[in-house]
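Grab your viewer and a scratchpad. Below are a few exercises, each with a solution worked step by step.

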Amino acid sequence: MNTNNRQDRSINGGYNKPTTRDYSKQNTNRQQKPTTRDVNKSNIKQGNNSINNSLPNNNRNNTGNRNNINNSLPNNNRNNNNINSGNRNVNINNSRNVYVRPPVHPYPRPPYSYGGYRYNAYHPYHYHGYHPYHYGPAYHPWGFFVATIAVTAIIVNANNQKYYYDQGVYYEKSGSGYTVVQAPDGATINVLPEGTQTVVVNETTNNYYYGGTYYEKTDSGYTVVPPTAGTVVENLPEGGEQVKVGEYTYVKIGDVYYQPIVVDGENKYEVVDVTPVSDTKSDSG
């Protein structure tokens, strides 16, 4: 594919305001703010790619929720994605909600090991702060609740489940409105959203990237696929969080870890391949 098909867009940096709060009095109705949390001996939550809709009124707990979003408020009265994170320890299980495809080439350097996991990346780690990229007024992060969706929204079926799609955002019916969800693998659209970027996977394959979602060109259109380990993107959407893993700080979008890197003098992010260590005694942490 021609890698020049991407639409160039500048990165505005977003808004990242550090905060300090008392976790004994958590406010579950607060506005989203990027945070940093210490993953000490842990962190990839176990789950699957299906959305849990079995509870009434969508009052789902945080199990399997990509951003630990608090959906327990009455009548889904949430004013944002209410990320539940902070300087705390969390548990890692041996599986991820979002499958990351294996890398296409062997890694040239040993992984960073900590807490029973190996974090592989092609590029050297180079810290730079997480500044969510603003995709425009039509974009909402995963977990965002809206009372109505645009009349231009279309119905998309994936994994025997119905979703609503509009301008790069996927919704699920939720009580009296709609909740933004992660793009389901296998969902296919005919036209990519404005601002989609082309990212190189290997010598013969490109993906199309928009707001944390990856697409591949198929006979029927553009199909949502998991990210491939090693893929480099220029920006990350709202709704992520900075996660401290030993001496490294990654950005976590859903359950995908991104390593901050620098390529040709520009700040970018690489999809990290996270694998369990067979012998935890070899951890550097």
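**Exercise 1. Work out the strand order of the three-strand open sheet, then its edges and twist.**

Step 1. The order is β2-β3-β19, with antiparallel pairing. Strands here are DSSP runs (E, at least two residues), numbered from the N terminus, and two of them pair if DSSP finds at least two bridges between them.

Step 2. β2 (112-114) and β19 (273-276) each pair on one side only, so they are the edge strands.

Step 3. From one strand to the next, the twist averages 25°. The axes behind that angle are lines fitted to C-alpha atoms, and angles run from 0 to 180 degrees between N-to-C directions.

Step 4. Now the register: β3 (residues 117-120) and β19 pair over four bridges, antiparallel. Tyr117 stands opposite Pro276 in β19.

A note on ground rules before going on. This is a predicted model, where local features need pLDDT of at least 70 and side-chain atom pairs count only at pLDDT 80 or more, while totals for chains, interfaces and linings use all residues. Residues are numbered from 1 along each chain as its sequence is written, and side-chain values use heavy atoms, with hydrogens and water left out.

**Exercise 2. Do the same for the open sheet of five strands.**

Step 1. Reading across, you get β9-β13-β12-β11-β10, with antiparallel pairing.

Step 2. The edges are β9 (188-189) and β10 (197-200), each pairing on one side only.

Step 3. Zoom in on β12 (residues 213-218) and β13 (residues 221-225): they pair in the antiparallel sense over five bridges. The bridge partner of Lys217 is Tyr222 in β13.

**Exercise 3. Find which residues have the most contacts inside the largest nonpolar core, and which elements contribute to it.**

Step 1. Set the criteria. A nonpolar core is a set of buried Ala, Val, Leu, Ile, Met, Phe, Trp, Tyr and Cys residues joined through side-chain atoms within 4.5 Å. Buried means under 20% relative accessible area, exposed over 50%, and partly exposed in between (1.4 Å probe, protein chains only).

Step 2. The largest core has 29 residues, and Tyr209, Tyr214, Val233, Leu236 and Tyr258 have the most contacts inside it.

Step 3. The elements giving two or more residues to this core are β7 (169-174), β8 (177-181), β11 (206-210), β16 (248-253), β17 (256-263) and β18 (266-271).

Step 4. There's also a second, separate core of 13 residues, which includes Val156, Ala158, Tyr170 and Ile189.

Step 5. Back to Tyr258: leaving aside neighbours within four places in sequence, its contacts (heavy atoms within 4.5 Å) include Tyr209, Tyr214, Val233, Leu236 and Glu270.

**Exercise 4. Track down what the side chains of Glu172 and Lys252 reach.**

Step 1. Glu172 is found in strand β7, and it is buried at a relative accessible area of 2%.

Step 2. Its side chain makes a polar contact with the side chain of Gln161 at 2.8 Å. A polar contact is a pair of N or O atoms within 3.5 Å; within protein, one must be able to donate a hydrogen and the other to accept it, and residues adjacent in sequence count only if both atoms are side-chain atoms.

Step 3. Lys252 sits in strand β16 and is buried as well, with a relative accessible area of 3%. Its side chain reaches the backbone oxygen of Gly254 at 3.0 Å.

Step 4. Look across the pairing: Glu241 stands opposite Lys252 in β16. β15 and β16 pair over five bridges, antiparallel. Four of the five residues of β15 (residues 241-245) are buried, so that strand is largely enclosed by the rest of the structure.

**Exercise 5. Is Asn159 buried or exposed, and what is its phi?**

Step 1. Asn159 lies in the loop between β5 (154-158) and β6 (161-166). With a relative accessible area of 54%, Asn159 is exposed.

Step 2. Its phi is near 55°, a positive value in a residue other than glycine. Most residues other than glycine have a negative phi.

Step 3. Asn160 is in the loop between β5 and β6 too, with phi near 60° and 87% relative accessibility, so it counts as exposed.
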